[in-house]
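Subject: Structure for you to look at

Hello,

I am handing over the structure we talked about, together with some notes on what was found in it. Please keep it open beside this message as you read, so that you can look up each residue as it is named.

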Amino acid sequence: MKSILQSERYFCKFKYQQFNNAIEKQLFKKQSKLSTSAYYVKKCNIPKFCFSNISNIKQFSDIPSNANQNNYQEQVKVDYEKELLLSGGGCAISYQAGYMHGLSEFIPKKILKEYRVGGVSSGSCIASFFVCSVYSDKDMKYWYEKYIRESLKSINNEKLGFFNATKYVKEQAVKAYLEAKSLNVPFNGTLHLYISPRKYVVGITKQLIDNFTDSQEFGEAISCSCAIPFVTTGRFSDYYQGISAVDGGFTMALPFRNQDSDCIFLNVLPKICSEFPVVRVRPDFLSVIHIDPDETLKFPIDYFNFSHEIADEYFLRGYLSSHKQQQKLLRAFKMA
């Protein structure tokens, strides 16, 4: 009975917020006679560029640095009932990075800061860099070029580097953490991820990590979250604080923190993966957006191609996809 009443309370609160947002938007638009896009440009101080035509963007170098960086110091309290979640995706990490770069052009930081960001597997890397982009003056393209692409380059340049992928991921994560802390990026309270510690001989369980004390712990958490046995690690598992663990996607493919949170899940894997039993454990309020809706990424080839030379192409495709799904994203963030 208690759980039923609690669910009803959250549902009523959720619908009440939706109602208030809709009324406020309609009144504002009626008074100022603005379109939906212009409404958010004015209310949230979004540069008009963010709603411009992207038909002239043909290659990676054409993608602009994020114009929505001037308000990164604005203090916004995290709403622990809201979560932005990122799926795993292997080498589609570049596609995810481009998508998040595009998303942050028309979803203002004031809105993004209300969300806890969670990730699993390669999504944990994207989640951490996205938090860096939201809470600093460095955009997602910057973090991608400096750390994600460098990780792929290191893996690609070494013979059989594929089997040592987590080693390079860890190295770059440690460097990124140190830079992020110098920029006063708050990871604790804004970021969470999952790993799968080993249990007994062959069993595994799930572990939530949402507190990071230093760069070494951060690097170990990210690398363990990406550790696919004998594939990206070259051995059965990696180690987090002395604990043997593997990819968090094996136990928590949909990395939500609280059952009653209002969650947005950005999935880069093929849609059929949503039917796997491990993904069927879902929060009460969930919006799922398949960020590669036409499945232009071919499984498994494109998900295990570590070539840094095509990473920029993936980034571009992800960026363009976010703009094509602009209205869907605005609805998910309750902005339309």
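A polar contact is a pair of N or O atoms within 3.5 Å, where, inside a protein, one atom must be able to donate a hydrogen and the other to accept it. With that in mind, please find the side chains of D247 and S121, which are joined by a polar contact of 2.7 Å. Please also remember throughout that this is a predicted model.

These two residues are a good place to begin, since the UniProt record, in an unreviewed entry, places the feature "active site" at S121 and D247. They span 127 residues in sequence, yet no two of their C-alpha atoms are more than 5.8 Å apart, so they gather at one spot. Both S121 and D247 are also included in the lining of the largest pocket.

Where does S121 lie along the chain? S121 is placed in the loop between β2, which covers 116–120, and α5, which covers 122–134. Its relative accessibility is 11%, and because buried means under 20%, S121 counts as buried. If neighbours within four places in sequence are left aside, the residues in contact with S121 are G88, S225, C226 and D247.

D247, for its part, lies in strand β7, made of residues 243–247, and D247 is buried as well, with a relative accessible area of 5%. Leaving aside neighbours within four places in sequence, D247 is in contact with S121, S196, C224, S225, C226, A227 and I228.

Next, the pocket itself. The largest pocket holds about 850 Å³ of space, and of the 44 residues that line it, the closest to its centre are G88, G89, G90, S121 and D247. The elements that give two or more residues to this lining are α5, α6 (140–157), α7 (165–182), α8 (215–225) and β8 (262–267), and the largest share, 6 residues, comes from α7. When the lining of the largest pocket is sorted by class, there are 29 nonpolar, 14 polar and 1 charged residues.

One of those elements, α8, deserves a separate look. Is α8 largely enclosed or largely open? Of the 11 residues of α8, 10 are buried, so this helix is largely enclosed by the rest of the structure. Among the buried residues of α8 are C224 and S225, both of which are in contact with D247. At the N-terminal end of α8, D214 acts as a cap, with a side-chain oxygen 3.1 Å from the backbone nitrogen of Q216.

Elsewhere, a search of the whole structure finds 3 cavities of 30 Å³ or more. The second largest cavity contains about 50 Å³ of space, and its lining is made up of N267, V268, L269, P270, K271, H290, D292, E295, L297 and Y303. By class, the lining of the second largest cavity divides into 5 nonpolar, 2 polar and 3 charged residues.

Finally, for the chain as a whole, you should be able to trace 10 helices and 9 strands. Buried residues make up 54% of the 336 residues in the chain. Of the contacts in the chain with a separation of 6 or more, 74% are between residues 24 or more positions apart.

Best wishes

Technical notes: Residues numbered from 1 in each chain as written. Predicted model: local features only at pLDDT ≥ 70, side-chain atom pairs only at ≥ 80, totals over all residues. Heavy atoms only, no water. UniProt positions renumbered as here; feature names shortened; annotations may be inferred. 1 Å grid on protein atoms, 1.4 Å probe; cavity = no way out; pocket = protein on both sides within 12 Å on 5 of 7 lines; lining within 4 Å. Helix = DSSP H or I, 4+ residues; strand = E, 2+ residues; numbered from the N terminus. Buried < 20%, exposed > 50% of the residue type's maximum accessible area, 1.4 Å probe, protein only. Contact = heavy atoms within 4.5 Å. Points joined across faces, edges and corners; volume = space filled by probe spheres on them. Nonpolar A, V, L, I, M, F, W, Y, C, P; charged D, E, K, R; others polar.
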